[in-house]
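Biologist: Before we begin, could you show me the sequence and the model, and then take me through the features one at a time?

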Amino acid sequence: MLTPASPPFPGAHQPSLDELRPGDVAIFGAPEATPYTPGKTSHSAKAPAAIRQALAKFASWTEHHDFDVGGPMIPIGGNRIVDLGDLAGDPNEPSENRIAITATAAAICEAGAFPVVIGGDDSVPIPLLAAFKSADPFWVVQIDAHIDWRDERSGVRQGWSSTMRRASEMAWVEGIVQAGIRGPGSARPQDVQDAERYGAAIVTAREIHARGIGPVIEAVPEGARCFVTIDCDGLDPSVIPAILSPAPGGLTYWHMIELI
């Protein structure tokens with residue numbers, strides 16, 4: 001069940017899920033997926049609402065020139081942007097959270113629209129990726145401080161430390177490129193070895209600061225379809241300080257924009 005967003009994403013229409021049109025850019029929030037502590041609300045459950053609220057000031061500027069993109073912030077005559085609202089999410093019902101995320105994204109794709117999902121913690125991409133089971137194969141490009149290759153943590157296999165491990169098990173994921181990796185985190189040496197054995201291209205933040213985003217771009221086959229997932233800690237804490245595990249030396253705003 002989707003609850004309408006208030007305020008909605010700037011410049012967005014607010015149709016129901018069954019009113020989507022082919023080519024729509026469809027936004028929805030997924031505040032909860034799989035917690036490590038049953039019943040404990042995710043540290044980022046309020047993020048979808050907070051992101052929209054932070055963007056609300058741009059609602060009257062949608063036709064203004066945006067120097068970051070070289071034209072109107074929302075191009076006139078471009079794809080329609082729609083905000084479907086937020087899934088409820090329940091820390092006591094992780095399996096139901098995952099089902100809802102997968103089903104909503106699948107319905108968007110079936111309508112010929114393009115899903116943009118606002119989390120929520122980094123367990124959200126696992127059921128989101130599951131929605132593309134019947135789609136053409138694609139590559140995952142992850143912007144993150146951590147590689148997320150733990151097979152399990154405290155017995156939980158669908159949590160935010162296992163995102164790329166679960167992605168690697170999906171036949172429709174052709175490859176994984178990980179950008180911005182740095183510092184110590186949840187990964188143990190065996191997890192790194194497993195990622196390398198799979199063939200994941202791990203491009204550290206240090207390498208990006210030294211050489212630019214070229215190594216990341218080169219790791220993605222030309223013409224590949226891409227699923228882009230962004231963990232906020234992939235950016236430097238000077239850009240986004242309100243994260244669970246701040247790690248110095250992260251990517252800049254422009255690194256991320258140019259990668260996308």
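Modeller: Let us start with the word contact, which means heavy atoms within 4.5 Å. By that rule, and not counting residues up to four places away in sequence, valine 140 touches Leu129, Met164, Val173, Gly175, Ile176, Val177, Phe227 and Thr229. Please keep in mind that this is a predicted model, in which local features need pLDDT of at least 70 and side-chain atom pairs count only at pLDDT 80 or more, while totals for chains, interfaces and linings use all residues. Residues are numbered from 1 along each chain as its sequence is written, and side-chain values use heavy atoms, with hydrogens and water left out.

Biologist: What is a nonpolar core, and how many residues does the largest one have?

Modeller: A nonpolar core is a set of buried Ala, Val, Leu, Ile, Met, Phe, Trp, Tyr and Cys residues joined through side-chain atoms within 4.5 Å. Buried here means under 20% relative accessible area, exposed means over 50%, and partly exposed lies in between (1.4 Å probe, protein chains only). The largest core has 33 residues, and Phe138, Val140 and Ile176 are those with the most contacts inside it. At least two of its residues come from each of strand E2 (25-30), E5, helix H2 (94-110), helix H3 (125-130), strand E7 (138-143), helix H4 (163-168) and strand E8 (173-181). The most is given by H2, with four residues. A second, separate core of 15 residues includes Ile143, Val203, Ala205 and Val220.

Biologist: How should I read labels such as E5 and H2?

Modeller: They are DSSP runs numbered from the N terminus, where helices (H or I) have at least four residues and strands (E) at least two.

Biologist: What is a salt bridge, and how many does the structure hold?

Modeller: A salt bridge is a side-chain nitrogen of Lys or Arg within 4 Å of a carboxyl oxygen of Asp or Glu, and the structure holds eleven of them. In one of these, aspartate 83 pairs with arginine 52, with the closest N and O atoms 2.7 Å apart. This pair links distant parts of the chain, since aspartate 83 is in strand E5 and arginine 52 is in helix H1 (residues 47-55), 31 residues apart. Aspartate 83 is buried, with a relative accessible area of 1%, and arginine 52 is buried too, at 2%.

Biologist: Which other side chain makes a polar contact with the side chain of arginine 52?

Modeller: A polar contact is a pair of N or O atoms within 3.5 Å; within protein, one must be able to donate a hydrogen and the other to accept it, and residues adjacent in sequence count only if both atoms are side-chain atoms. The side chain of aspartate 86 makes such a contact with that of arginine 52, at 2.8 Å. Aspartate 86 is placed in strand E5 (residues 81-87) and is buried, with a relative accessible area of 17%.

Biologist: Which residues are linked in a network of salt bridges?

Modeller: The network links Arg165, Arg188, Asp191, Asp194 and Arg197. Within it, aspartate 194 meets arginine 197 at 2.8 Å, N to O, and the two are separated by about one helical turn because they are three residues apart in helix H5 (residues 189-198). Aspartate 194 is buried at 15%, whereas arginine 197 is exposed at 60%.

Biologist: Why do cysteine 109 and cysteine 226 form no disulfide?

Modeller: A disulfide is a covalent bond between the sulfur atoms of two cysteines, and the cut-off used here is a pair of those atoms within 2.5 Å. The sulfur of cysteine 109 is 15 Å from the closest cysteine sulfur, in cysteine 226, and therefore too far for a bond. The structure holds zero disulfides.
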